[in-house]
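Let's take a walk through this model, one piece at a time. Have the structure open and follow along.

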Amino acid sequence: MKHRMTITEILGRAEQGMTKPFVCRGDDWLTYYVKGAYAGRRSLCCEWVAGWLAKTLLGGMPLGVPIIAMAEVPQALIAGSARKDIRELGAGMVFASMRIEGGQELSWSSAQGWPEETMAALLLLDLWIQNEDRSLSAHGGNPNLLVEQIPPLPDHDPEGALWKDQPRREMMWVYDFNLAFDDQFDRGRFFDAHVFGGMLKQWPEGFRERMEPRLREALDRLPGLFAEVPPEWLHVEGDETLPVQLDVKKVISALELPFSQPDLFWKLP
């Protein structure tokens with residue numbers, strides 16, 4: 001599951017987003033948005049755990065999570081940089097999410113008309129991981145979603161076959177999970193603000209039955225995901241005798257709600 005690499009070059013920094021990730025190149029020659037010291041350790045834990053949960057839940061849908069990785073920033077790269085903000089990246093282990101070239105941020109007008117299954121899957125994901133950071137309305141917001149146009153491909157092509165029966169030839173990329181597992185999560189506020197929060201009056205027919213096995217599969221992977229989190233992310237000052245930044249018991253309790261409190265969890269406003 002782990003994808004690890006070394007950061008070889010710092011190309012710039014994003015202007016948008018609370019954590020203002022750095023734009024970096026890895027030793028695999030791909031370009032990534034990278035979050036380090038400035039983002040906060042809890043944020044890095046949430047990105048890793050929630051990102052992999054999302055990959056499991058959304059697999060095979062016209063929704064995707066960019067490649068995510070743990071990456072090492074060499075001390076020499078920090079020491080040799082002329083950037084004034086380089087300490088906000090910092091040396092050591094960081095979180096990286098591959099940059100999607102050519103994707104356009106979802107606007108309110110382009111948020112209209114998506115298939116119910118797509119809207120429901122994204123709404124379910126964010127409700128499940130208690131993520132209120134995907135807001136959008138006619139007045140603006142921060143959806144943390146990119147839309148990529150899929151070029152025409154013949155049906156006999158393996159990738160073309162995936163899109164044969166899709167009503168929209170567009171891939172929606174889902175990113176930024178740093179605010180997942182919010183201790184102050186509020187269902188009412190979530191549905192009011194979420195980009196698709198008011199677009200469904202009920203889940204699509206058979207949706208719950210199709211998604212429950214995916215939820216269980218993702219939940220079963222949780223211990224392994226936590227085991228992969230670097231100690232310096234998970235524990236205060238990297239000391240395993242000190243409190244954790246993200247508590248596995250609290251996360252499990254939240255992720256079990258579809259099964260422990262199904263009447264409440266699956267209820268739409």
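A good place to start is helix H9, whose buried residues pack against helix H1 (41-58), H3, H6, helix H7 (222-228) and helix H10 (257-260). Keep in mind that this is a predicted model.

Which residues of H9 are buried? H9 covers residues 248-255, and the buried ones are Val251, Ala254 and Leu255. Viewed down the axis of H9, these buried residues sit within an arc of 95°, so they line one face of the helix. The general rule helps here: an α-helix has 3.6 residues a turn, so residues three or four places apart point the same way. Flip to the face of H9 turned away from the buried side and you'll find Lys249 and Lys250, both exposed.

Now for two of the partners of H9, namely H3 and H6. The axes of H3 (residues 116-128) and H6 (residues 207-220) come within 12 Å and cross at roughly 40°, which makes H3 oblique to H6. The crossing of H3 past H6 is right-handed. On the H3 side, the contact is made by Glu117, Ala120, Ala121, Leu124 and Trp128, while H6 brings Phe207, Arg210, Met211, Leu215, Ala218 and Leu219. Sorted by class, that contact has nine nonpolar residues, two charged ones and no polar ones.

Last stop: Thr31, found in strand S3 (residues 31-35). Is Thr31 buried or exposed? Its relative accessible area is 13%, and buried means under 20%, so Thr31 counts as buried. Leaving out residues up to four places away in sequence, Thr31 touches Leu11, Val23, Cys24, Arg25, Met98 and Arg99.

Technical notes: Residues numbered from 1 in each chain as written. Predicted model: local features only at pLDDT ≥ 70, side-chain atom pairs only at ≥ 80, totals over all residues. Heavy atoms only, no water. Axes fitted to C-alpha atoms, helices over the stretch in contact; angles between N-to-C directions. Helix = DSSP H or I, 4+ residues; strand = E, 2+ residues; numbered from the N terminus. Parallel < 35°, antiparallel > 145°, perpendicular 65-115°, else oblique. Left-handed = near helix turned anticlockwise from the far one by under 90°. Contact = heavy atoms within 4.5 Å. Nonpolar A, V, L, I, M, F, W, Y, C, P; charged D, E, K, R; others polar. Buried < 20%, exposed > 50% of the residue type's maximum accessible area, 1.4 Å probe, protein only. Arc of directions from axis to C-beta.
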